[in-house]
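I opened my notebook to look up how two helices pack and what sits in the nonpolar cores. Here is the structure I had in front of me.

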Amino acid sequence: MDRITKAARLMIVSDLDHTMVDHHDPENMSLLRFNALWESNYRHDSLLVFSTGRSPTLYKQLRKEKPMLTPDITIMSVGTEITYGSSMLPDDGWVKILNQKWDRNIVIEETSKFPDLTLQAETEQRPHKVSFYVDKTKAQVVMKELSSRLEKRGLDVKLIYSGGMDLDVLPQGAGKGQALSYLLNKLKTEGTLPVNTLACGDSGNDAELFSIPDVYGVMVSNAQEELLQWHAENAKGNPNIIHAKERCAAGIIEAIGHFNLGSNTSPRDVADFVECKLDRVNPGYEVVKFYLFYERWRRGEAANCETYIASLKASCDPTATFVFPTGVEKTLHECIYAMKGCYGDQRGKQFRVWVDRVLSTPIGLNTWLVKFDKWELSGDERCCCVTTAKINAKGSGGASDGYTWVSVQQKWLEGYEKKDTSIWLF
């Protein structure tokens, strides 16, 4: 959060399962398209918020399974936990609010009297969330009776039913909507209220996100009936909420364009980087472009021609150095020459490259220090390097003329070292 010293240009608040993450997309292409768009165009001046029903345990598990970016803020357990940054620092102010008229022991005692309720896994039980499974044919009756009993015991709770089977019992002040309202008020108090906020969801527990004033909303094309029904009954005439034509993260990209919130052309949708000219160029775009070309080269999806190699060499200072995670140092031109021999070696295989947490800091006139995590997926092996690069703007036209790589240094992210480092390039 400290990196944003003024109002974010855009804050995206997105559910994860079946919204940001498409579990029916084995190649994760819509997610990778969003990743490239965010890191190249938005990371430097915008905020990414994940708002999920998952507990911290299941959230971290999903991060290991999918090529997800690191959000600036994470809202978990159906809006009962708010944390900040990669270290996931908790918001103590939010905890104090949730403690009002809440007693978890009473909730456990009363719910145990309902045979139709089945407790979910222990990992999903949180200080301010008790979660059950209940058949949708019994859900409404159970919720009505349970709400009455808890009210008589002096509690002020909220019952959220989603996914046709999940029932969450929360403090009345909790939920994805209230967590977002709290967050927006906090940012407003600090003088950093985002210029625009886009909420994204697919199920019933996301409905609250679309009820916040002055927030744009997108229900992805694969949204569940419970959310579509809520929209028909409560927000059908609201032009700031749309039902996207695209699934999951592709629907989020669609909404960015629909509401004119900024660029919605992902670098992954650009066929030829050599011919591509952008109005707003930044070091983040240069990093994304570089590694996306590297992926395409290894997959044999870019043309094997000298024009591309020459363009790549032209983007590197002749004396530019690359320090590998092993400590070996080479010139970038040597690395590019070595890459020529790897053309298409990952053709038809599961091989993807993406970058995360791309943050650039000016360290001189037209010079930036860029830090990012470079991820590489090859088959079942996922590797990551914490990377620091020095990049200069080309020519007298500043960044609009492109960038020159001056140096790159990498070190392994603990737990994600590559077993065979003989073919680790860039």
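A crossing is called right-handed if the near helix is turned clockwise from the far one by less than a right angle, and left-handed if anticlockwise. I keep in mind that this is a predicted model.

Entry one, the helix pair. I looked up α10 (residues 306–314) and α11 (residues 332–340), and their axes come within 10 Å and cross at roughly 160°. Angles over 145 degrees count as roughly antiparallel, so α10 is roughly antiparallel to α11. I noted the crossing of α10 and α11 as right-handed.

Which residues make the contact? From α10 I listed Glu306, Ile309, Leu312 and Lys313, and from α11 His333, Ile336, Met339 and Lys340. Sorted by character, the residues of this contact come to 4 nonpolar, 1 polar and 3 charged.

Entry two, the largest nonpolar core. I found 40 residues in it, and Val287, Tyr291, Met339, Trp405 and Phe426 touch the most other members. At least two residues each come from α9 (283–299), α10, β13 (316–323), α11, β15 (351–364), β16 (367–378), β17 (381–393) and β18 (403–412). The most is given by α9, with 7 residues.

Entry three, Phe426. Leaving out residues up to four places away in sequence, I saw that Phe426 touches Phe290, Tyr291, Tyr294, Phe322, Leu332, Cys335, Ile336, Met339, Lys374 and Gln410. Met339 is thus a name I wrote down for the helix contact and again for Phe426.

Entry four, another core. I also found a second, separate core of 33 residues, and its members include Ile75, Ile82, Ile160 and Leu209.

Methods:
Residues are numbered from 1 along each chain as its sequence is written. This is a predicted model: local features need pLDDT of at least 70, side-chain atom pairs count only at pLDDT 80 or more; totals for chains, interfaces and linings use all residues. Side-chain values use heavy atoms; hydrogens and water are left out. Axes are lines fitted to C-alpha atoms, for helices over the stretch in contact, and angles run from 0 to 180 degrees between N-to-C directions. Helices (H or I, at least four residues) and strands (E, at least two) are DSSP runs, numbered from the N terminus. Angles under 35 degrees count as roughly parallel, over 145 as roughly antiparallel, 65 to 115 as roughly perpendicular and the rest as oblique. Contact means heavy atoms within 4.5 Å. Ala, Val, Leu, Ile, Met, Phe, Trp, Tyr, Cys and Pro count as nonpolar, Asp, Glu, Lys and Arg as charged, and the others, Gly among them, as polar. A nonpolar core is a set of buried Ala, Val, Leu, Ile, Met, Phe, Trp, Tyr and Cys residues joined through side-chain atoms within 4.5 Å. Buried means under 20% relative accessible area, exposed over 50%, partly exposed in between (1.4 Å probe, protein chains only).
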